[in-house]
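Subject: Structure handover

Hello,

Here is the structure we talked about. Please load it first, then read the notes below.

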Amino acid sequence: MITATYAAVLAILFGALSIRTLRLRRRFGVAIGPGERILHRAVRAHAHFAEYCPLILLLCYFVEVRFASPIWMHGLLAPLAVGRVVHAMGISREPEDFRYRVAGMSITLTILFIAAGFLLLGPWLVP
């Protein structure tokens, strides 16, 4: 399963974002809440990942099971992985470089809409 492989890669990225957040919390002595600006950025990078990736991976799994070729799946999931890395890099910087954040979210939302659209329209598109 192609989606499972990308889910594992994205899980590693999620773990790295988690560890970064935990280390910053320890360094600044902040158990709950955003605290310092750089910690707040780490929390949001982690949260954005947690908010988008599970749903998109689930949609991509359904696409893979129902219709899609391996090329289609790599075409959906490779950009998702890149988009999540780019977004995390953009939101984590101080001062922030919005180009990375915007590019990462644009890629992520594009994959979300493509996967959802393919599931809704796939029965009419795939013989």
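How far is the sulfur of cysteine 53 from the closest cysteine sulfur? The separation is 9.8 Å, and the partner is cysteine 60. That is too far for a bond. Keep in mind that this is a predicted model.

**Cysteines**

A disulfide is a covalent bond between the sulfur atoms of two cysteines. The cut-off here is 2.5 Å between the sulfurs. Seen from the other side, the closest cysteine sulfur to cysteine 60 is that of cysteine 53, again at 9.8 Å and too far for a bond. The disulfide count is therefore zero. Both residues are out of reach of the probe for the most part: cysteine 53 is buried, with a relative accessible area of 1%. Cysteine 60 is buried as well, at 0%.

**Salt bridges**

Side chains of opposite charge can pair when their charged atoms come close. The search over the whole structure gives six salt bridges. Three of them are worth a look.

Start with arginine 41 and glutamate 96. Their closest N and O atoms are 2.7 Å apart. This pair links distant parts of the chain. Arginine 41 sits in helix α2, while glutamate 96 sits in the loop between α3 and α4. The two are 55 residues apart. Are these partners buried or exposed? Arginine 41 counts as buried, at 11% relative accessibility. Glutamate 96 counts as buried too, at 15%.

The pair also belongs to a wider set. Arg37, Arg41, Glu94, Glu96 and Arg101 are linked in a network of salt bridges.

Next, arginine 44 bridges to glutamate 51, with 3.2 Å between the closest N and O atoms. Arginine 44 is partly exposed, at 28% relative accessibility. Glutamate 51 is also partly exposed, at 46%.

Then there is arginine 99 with aspartate 97. Here the closest N and O atoms are 2.8 Å apart. The two ends are covered unequally: arginine 99 is exposed, with a relative accessible area of 64%, whereas aspartate 97 counts as buried at 16%.

**Aromatic pairs**

A pair of aromatic rings is described by the distance of the centres and the angle of the planes. The structure holds four such pairs. One of them joins tyrosine 61 and phenylalanine 62. The centres are 5.8 Å apart and the planes meet at 55 degrees, a tilted arrangement. Tyrosine 61 is partly exposed, with a relative accessible area of 37%. Phenylalanine 62 has the value 37% too and counts as partly exposed.

Another pair is phenylalanine 67 with phenylalanine 118. What is its geometry? It is edge-to-face, with 5.1 Å from centre to centre and 85 degrees between the planes. Phenylalanine 67 lies in the loop between α2 (37-66) and α3 (70-92), and phenylalanine 118 lies in helix α4 (residues 98-125), so the pair ties together parts that are 51 residues apart in sequence. Phenylalanine 67 counts as partly exposed, at 21% relative accessibility. Phenylalanine 118 is buried, at 11%.

These two rings have company. Ring pairs link Phe67, Trp72 and Phe118 into a cluster.

**Nonpolar surface patch**

Back to tyrosine 61, which is found in helix α2. Which residues form a nonpolar patch on the surface with Tyr61? They are Met1, Leu55, Leu58, Phe62 and Val65. Together with Tyr61, these residues have about 580 Å² of accessible area. So both rings of the tilted pair, Tyr61 and Phe62, take part in the patch, and each is partly exposed at 37%.

**A contact across the sequence**

Last, leucine 13, in helix α1 (residues 2-28). Its C-alpha atom and that of valine 85 are separated by 7.8 Å. Along the chain, leucine 13 and valine 85 are 72 residues apart. What does leucine 13 touch, leaving out residues up to four places away in sequence? Its contacts are Phe49, Arg84 and Val85.

**Where to look**

For links between distant parts of the chain, open arginine 41 with glutamate 96. Then open phenylalanine 67 with phenylalanine 118. For the surface, begin at the patch around Tyr61 and Phe62.

Best regards

Definitions and conventions:
Residues numbered from 1 in each chain as written. Predicted model: local features only at pLDDT ≥ 70, side-chain atom pairs only at ≥ 80, totals over all residues. Heavy atoms only, no water. Phe/Tyr/Trp six-rings, centres within 6.5 Å; stacked < 30°, edge-to-face > 60°. Buried < 20%, exposed > 50% of the residue type's maximum accessible area, 1.4 Å probe, protein only. Helix = DSSP H or I, 4+ residues; strand = E, 2+ residues; numbered from the N terminus. Patch = residues over 30% accessible without salt bridge, like charges linked within 9 Å, V, L, I, M, F, W, Y side chains within 5 Å. Areas by Shrake-Rupley, 256 points an atom, 1.4 Å probe, with all protein chains shown as cover. Salt bridge = Lys/Arg side-chain N within 4 Å of Asp/Glu carboxyl O. Contact = heavy atoms within 4.5 Å.
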